[in-house]
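Subject: Structure for you to look at

Hi,

Here is the structure I promised to pass on. Have a look at it first, and then read my notes underneath.

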Amino acid sequence: MTKPQPLRDTKILLGVTGGIAVYKSAELCRMLQRAGAQVRVVMSEAACRFVTPLTFETLTGHPVGIHMFGDTGGTGGTGGVISHIELAKFADILVVAPATADYMARCAQGRANDLLAAVTLAHEGPIIFAPAMNTGMWRNFATERNVSDLVENHGWHMVPPGEGHLACGDQGPGRLAELGDILDAVCAVRRPKLMGKKVVITAGPTAEDIDPVRSITNRSSGIMGCELARMALYHAALEVTVILGPCPAEPPWGSRVIPIRSAREMQVAVNAEAETADVVIMAAAVSDWRPATISPEKLKRADGTISLPLVPNPDILGELGARMAGRDRPILVGFALETDNLLDSAQDKLKRKQVHIMVGNMARDALESATTEAVILEDNGAVWESGRVTKTELADAIIDRISRRFAQS
Ligand code: C5P
């Protein structure tokens, strides 16, 4: 299976304005290209003070646009004179990272006093911007007003700055968002396979408490569920909710997270969210049993051998499948993690849990790993084997199967 290229056939104009975060824009340029995009770059004059245009010219194989007119020259590269209309027409998406306070202020006013501002004004497609600046500038009333104007009135998509140590020595909001989050935002705008859909995903293990400090859990990293959430956002889902058990994986920026611990907490959340969902994907490793009682005090080692009666947890997906049987919404997707007889067990679960899609994988391949080998079974008899893939690639394939069902109906 080839790597997913969510930005294949996408033309992106990367606008780079002048702040210290410019050094990260070169890596963003590479990431966009790796995701399949054709990238051209426009820099402000101030940005050229931080990183030379030659860097971007070398990465993209194209001249970098800088000046409106030919008489300003002196970029060290091609001279940087490209028509702003030509550039605006080239771009499916304009991505500005970093976006300075001044650039945003000028755009909020509709000014066109340098090449990038002129292209921005002429561009008719989506604009994604990632502000980066000193905390004081970011919190300034005028900046706040300009940002909300661009988002609320101009329809721009913002990837907000993160918090942390800034290059100027201050601590607070203002640093450029993670490049992966910017890439996610670009993909979300581009690939509308789940446009407008509400997707609910369970991820990670559940923890069933024994006493205040101990629990029974599953060996689940949460990576599969979080990658599904990332891919659902790539494909422009309207809302992605991750019902997340205790695990190290981090759901993607832009998803809504409902943290839970036990299977019963997960069931309450799943049932509430499923009412309005278009898709429910149960990627969590739910504990099949829980202790019959939770000791209010910590159990003592001095108690010696203890026995722990376990009672079965509800089968969240099975009960949901039974309740939704015969309905084609929400599309229900389950996971079957097996140690043997993968195909037979997955086929059996597809029917028994009354789901539309069942993804089977072997525990030895998938547990706590970034890669897996899976089989996707559908209730219409379709079978698809993945071979060894990353969980991101598998998530992309699962979303693809789901989107085909929407396309058919
Ligand atoms: O029956 P089994 O645990 O193998 O089924 C796995 C699928 O069912 C997964 O999608 C898992 O999230 C879901 N499940 C559930 N409730 C349980 C156990 C598993 O919803 N108690």
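Below is what I found, going through a few helices, some single residues, the backbone oddities and the main pocket. Please keep in mind that this is a predicted model.

**Helix H8**

I'd begin with H8, which runs over residues 141–153. From the first C-alpha to the last, its 13 residues span 17 Å, close to the 18 Å expected at 1.5 Å a residue. Which of its residues are buried? They are Thr-143, Asn-146, Val-147 and Leu-150. These four cover an arc of only 95° around the axis, so they sit on the same side of H8. The spacing fits a simple rule: an α-helix has 3.6 residues a turn, so residues three or four places apart point the same way.

Turn to the face away from that buried side and you'll find the exposed residues Phe-141, Glu-152 and Asn-153. As for what lies over the buried residues of H8, the cover includes helix H5 (101–108), strand E4 (127–131), helix H7 (135–139) and strand E5 (157–158).

Both ends of this helix deserve a quick look. At the start of H8, a side-chain oxygen of Asn-140 comes to within 2.7 Å of the backbone nitrogen of Ala-142. After H8 comes Gly-155, with a positive phi near 75°.

One residue to click on is Asn-146, which lies in H8. Asn-146 counts as buried because its relative accessibility is 11%, and the cut-off for buried is under 20%. Setting aside residues up to four places away in sequence, Asn-146 touches Met-104, Ala-105 and Ala-108. H5 covers residues 101–108, so you can follow these contacts from one helix to the other.**Helix H6**

H6, at residues 115–122, is mostly covered, with 6 of its 8 residues buried. Those buried residues are Leu-115, Leu-116, Ala-117, Ala-118, Val-119 and Thr-120. What covers them includes strands E1 (11–16), E2 (38–43) and E3 (93–99), helix H4 (84–90), and also H5 and E4.

**Thr-100 and Ala-46**

Next, find Thr-100 in the loop between E3 and H5. Is Thr-100 buried or exposed? Its relative accessibility is 14%, and therefore Thr-100 counts as buried. Leaving out neighbours within four places in sequence, Thr-100 is in contact with Thr-17, Gly-18, Gly-19, Ala-132 and Met-133. The side chain of Thr-100 also reaches the backbone nitrogen of Tyr-103, at 3.2 Å. For a sense of scale, Thr-100 and Gly-321 are 221 residues apart in sequence, and their C-alpha atoms are 50 Å apart in space.

Ala-46 belongs to helix H2, residues 45–50. Ala-46 counts as partly exposed because its relative accessibility is 39%. Its C-alpha is 9.3 Å from that of Val-16, with the two positions 30 residues apart along the chain.

**Backbone oddities**

Where are the cis peptide bonds I noted? One joins Ala-97 and Pro-98, with omega at about 0°, and Pro-98 is in strand E3. Another runs from Arg-329 to Pro-330, with omega near -10°; Pro-330 is in the loop between H12 and E16.

I also noted positive phi values in residues other than glycine:

- Asp-9 has phi near 65°. You'll find Asp-9 in the segment before E1, and at 62% relative accessibility Asp-9 counts as exposed.
- Asn-341 has phi near 45°. Asn-341 is in the loop between E16 and helix H13 (342–352), and at 52% relative accessibility Asn-341 counts as exposed.

**The largest pocket**

Last, the pocket. The largest pocket has a volume of about 920 Å³. There are 40 residues lining the largest pocket, and the closest to its centre are Ala-284, Ala-285, Val-286, Phe-335 and Leu-337. Which elements give two or more residues to that lining? They are strand E10 (214–217), helix H10 (223–234), helix H12 (316–324), strand E16 (331–338), strand E17 (357–362) and helix H14 (363–366). E16 provides the largest share of the lining, 5 residues.

That's my tour. Write back if anything in it is unclear.

Cheers

Key:
Residues numbered from 1 in each chain as written. Predicted model: local features only at pLDDT ≥ 70, side-chain atom pairs only at ≥ 80, totals over all residues. Heavy atoms only, no water. Expected span 1.5 Å × (residues − 1). Buried < 20%, exposed > 50% of the residue type's maximum accessible area, 1.4 Å probe, protein only. Arc of directions from axis to C-beta. Contact = heavy atoms within 4.5 Å. Polar contact = N/O pair within 3.5 Å; in protein donor to acceptor, adjacent residues only side chain to side chain. 1 Å grid on protein atoms, 1.4 Å probe; cavity = no way out; pocket = protein on both sides within 12 Å on 5 of 7 lines; lining within 4 Å. Points joined across faces, edges and corners; volume = space filled by probe spheres on them.
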